Amino acid sequence: MQKGFAMSIDVSAAKTQSARIRAQLEELNAAISKLNAYRGDLSASWSSDEVTYITKAIDQTIAQLRAVMTQMETASSSVV
């Protein structure tokens, strides 16, 4: 029969991982900003049915990125 065991946590590594996740969140946020700017430029300079489909796809991509960001924020707060 095995008795309990001790598990150590490398706090420094956990903080490093959390910082990396936060840096990636900043990059995703910048990507969302660029997509929004592109969407605005596209809508302002071109009008057609295709633009409607493209802007819808951009909106869907932004929504997916935000969902991933939420998961990453949860993971980041769980690491530390």
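**Note on a predicted two-helix chain**

1. The chain carries 8 positive and 8 negative side chains, and 13 Å separates the centres of the two sets. The model under review is a predicted one, and the remarks below should be read accordingly.

2. As to secondary structure, the chain contains two helices and zero strands. Its radius of gyration is 20 Å, whereas the globule rule gives 12 Å for 80 residues; the chain is therefore more spread out than a compact globule. The box filled by the C-alpha atoms, taken along the principal axes, is roughly 70 × 25 × 10 Å.

3. The next point concerns burial and surface. Of the 80 residues in the chain, 19% are buried. The accessible surface amounts to about 6,400 Å², and carbon and sulfur atoms account for 54% of that surface.

4. The contacts also deserve attention. When contacts between residues at least 6 apart in sequence are considered, 73% of them join residues at least 24 apart.

5. Which residues form the salt bridge with closest N and O atoms 2.8 Å apart? The partners are R39 and D59. This pair links distant parts of the chain, since R39 belongs to helix α1 (residues 11–45) and D59 to helix α2 (residues 49–79), with their positions 20 residues apart in the sequence. The structure holds one salt bridge. As a general matter, side chains of opposite charge can pair when their charged atoms come close.

6. Are the two partners of the salt bridge buried, partly exposed or exposed? R39 is partly exposed, with a relative accessible area of 26%. D59 is likewise partly exposed, its relative accessible area being 34%. Both values fall between the 20% limit for buried residues and the 50% limit for exposed ones.

7. In helix α2, Q64 may serve as a reference position. Q64 has a relative accessible area of 56% and is exposed, because the limit for that class is over 50%. The C-alpha atom of Q64 lies 12 Å from that of A31, and these two residues are 33 apart along the chain.

8. In helix α1, Q24 may be examined in a similar way. Q24 counts as partly exposed, at 40% relative accessibility. Between the C-alpha atoms of Q24 and K34, ten residues apart along the chain, the separation is 15 Å.

9. In summary, the predicted model shows two helices and zero strands, a chain more spread out than a compact globule, and one salt bridge, which joins R39 in helix α1 to D59 in helix α2.

Conventions. Residues numbered from 1 in each chain as written. Heavy atoms only, no water. Helix = DSSP H or I, 4+ residues; strand = E, 2+ residues; numbered from the N terminus. Rg over C-alpha atoms; globule rule 2.2 N^0.38 Å. Buried < 20%, exposed > 50% of the residue type's maximum accessible area, 1.4 Å probe, protein only. Contact = heavy atoms within 4.5 Å. Areas by Shrake-Rupley, 256 points an atom, 1.4 Å probe, with all protein chains shown as cover. Lys, Arg positive; Asp, Glu negative; His and termini not counted. Charge placed at Lys NZ, Arg CZ, Asp CG, Glu CD. Salt bridge = Lys/Arg side-chain N within 4 Å of Asp/Glu carboxyl O.
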